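Student: I've got a model open and I'd like to walk through some of its residues with you. Can we take it one question at a time?

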Amino acid sequence: MVKVEVETNSEEMSKKAASEVGKEILERQKPVLGLPTGETPKGMYNLLVKYYENGLIDFSTVTTFNLDEYYGISEDHPKSFRSYMERHLFEKVNLKRENSYVPAGEIPRDELGDYCKKYERKIIKAGGLDLQILGIGSNGHIGFNEPGSSFDSRTRLVKLTRETVEDSFGNTEKPPDEAITMGIRTIMEAKRIILLASGESKKRAVKRAIEGPITEDCPGSVLQLHPHATAIIDERAAEELELLQISGPPE
Ligand code: GLP
């Protein structure tokens, strides 16, 4: 069962998420974080930067692994997830560059198999993911594990659905239609998972992931099988939930 915490709006969701990440960093000697990109976690990253600037947290012993990256675009492409992470977090805190991993979108095709296995091994070598933060796609994807992805999947190259590509690139550019993503099994091996969602456009995916049947048609529904998964979502994203397992903010 996924524990649900409903916050009034996306700002409150971000505060709660940042405080959970902050606690994880303070409590562990060598915290290992799994990180997402997208609109949803931006507020959380802003707050983590503020905590760092105010001397509340220190990233010098933190290791991060990003969930995914578009395939076929360079690291410094403005829409690459590496450049997103640089802009929103990495270049603003004292995280060691050698401890921040984002899948590389320009690995030659014939090296991809080995590269993805190495990404998995690096996670294990770092001690495994202590806390994985996730967003959710409107079709229920987590990372870039689109509907139909096996719950046993590992880091690999995937084809993106048109819906997912349009969510990020609109109709205008010639977008990448493949990505490297951590697999669902990889994500589920994290000791703790926090799913973030805000806004009405996510209410259907949130409902399916949290209270729907556990099925590969909705990758997010796998979280119901995790022993320590919490959804921190805002009221709009929670609209369709029957809210059986809610623990909201104090009155
Ligand atoms: C992308 C990412 C996901 C993210 C999702 C939702 O597809 N690969 O990790 O959760 O988009 O993004 P947003 O937060 O912008 O809605």
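Tutor: Sure. Before we start on burial, a residue counts as buried when its relative accessible area is under 20%, as exposed when it is over 50%, and as partly exposed in between. Keep in mind that this is a predicted model.

Student: Okay, is S149 buried or exposed?

Tutor: Start with where S149 is: the loop between β6 (131-134) and β7 (156-159). Its relative accessible area is 10%. The cut-off for buried is under 20%, so S149 counts as buried.

Student: Which backbone oxygen lies 2.6 Å from a polar atom of the S149 side chain?

Tutor: Two polar partners of the S149 side chain are worth looking at. One is the side chain of R156, at 3.3 Å. The other is a backbone oxygen, at 2.6 Å, and that oxygen belongs to E146.

Student: Which residues does S149 contact, if I leave aside neighbours within four places in sequence?

Tutor: R156 is in there, and you've already met that residue through its 3.3 Å polar contact with the S149 side chain. With the sequence neighbours set aside, the contacts of S149 are R156, I184 and E216.

Student: Let's move to R156. Is R156 buried, partly exposed or exposed?

Tutor: R156 belongs to strand β7. Its relative accessibility is 21%. Buried needs a value under 20% and exposed needs one over 50%, so R156 comes out as partly exposed.

Student: How far apart in space are R156 and G113, C-alpha to C-alpha?

Tutor: Along the chain, 43 residues separate R156 and G113. In space, the C-alpha to C-alpha distance for R156 and G113 is 7.2 Å.

Student: And which residue's backbone oxygen lies 3.2 Å from a polar atom of the R156 side chain?

Tutor: The R156 side chain has a polar contact with the side chain of S149 at 3.3 Å. R156 also touches other residues beyond four places in sequence, including C116, N145 and M182. The backbone oxygen you're asking about, at 3.2 Å, is that of R154.

Student: R154 has come up, so what about E120: which side chain makes a 2.7 Å polar contact with the E120 side chain?

Tutor: E120 lies in helix α4 (residues 112-125). Not counting residues up to four places away, E120 touches R154, T155 and T186. The polar contact with the side chain of R154 is 3.0 Å, while the 2.7 Å one is with the side chain of T186.

Student: Is E120 buried or exposed?

Tutor: The relative accessibility of E120 is 11%. With under 20% as the cut-off, E120 counts as buried.

Student: Now the ligand. Which pocket does the ligand sit in?

Tutor: Look at the residues around the ligand, among them G38, E39, D68, F81, H141 and F144. As for the pocket, the ligand sits in the largest one.

Student: How much of the ligand's own accessible area does the protein cover?

Tutor: Take the polar pairs first. Ligand oxygen atoms are 2.4 Å from an N or O atom in the T40 side chain, 2.5 Å from a polar side-chain atom of K202 and 3.4 Å from a polar backbone atom of I136. On its own the ligand has 390 Å² of accessible area, and the share covered by the protein is 87%.

Student: Back to the protein: which residue has a backbone oxygen 3.3 Å from a polar atom of the R97 side chain?

Tutor: R97 is in the loop between α3 (81-88) and β5 (100-101), and at 43% relative accessibility R97 is partly exposed. Beyond four places in sequence, R97 is in contact with R82, E86, F90 and E91. The backbone oxygen at 3.3 Å comes from F90.

Student: Last one: is A229 buried or exposed?

Tutor: A229 is placed in strand β10 (residues 229-234). Leaving out residues up to four places away, A229 touches M1, V2, K3, I193 and L223. Its relative accessibility is 5%, and the cut-off is under 20%, so A229 counts as buried.

Notes. Residues are numbered from 1 along each chain as its sequence is written. This is a predicted model: local features need pLDDT of at least 70, side-chain atom pairs count only at pLDDT 80 or more; totals for chains, interfaces and linings use all residues. Side-chain values use heavy atoms; hydrogens and water are left out. Helices (H or I, at least four residues) and strands (E, at least two) are DSSP runs, numbered from the N terminus. Buried means under 20% relative accessible area, exposed over 50%, partly exposed in between (1.4 Å probe, protein chains only). A polar contact is a pair of N or O atoms within 3.5 Å; within protein, one must be able to donate a hydrogen and the other to accept it, and residues adjacent in sequence count only if both atoms are side-chain atoms. Contact means heavy atoms within 4.5 Å. A residue is near a molecule or strand if one of its heavy atoms lies within 4 Å of it. Accessible areas come from the Shrake-Rupley method with a 1.4 Å probe; for residues, only the protein chains shown count as cover. On a 1 Å grid over the protein atoms alone, a cavity is a set of points where a 1.4 Å probe fits but cannot get out, and a pocket is an open set with protein on both sides within 12 Å along at least five of seven lines; lining residues have an atom within 4 Å of a point. A molecule sits in a cavity or pocket if more than half of its atoms lie within 2 Å of its grid points.
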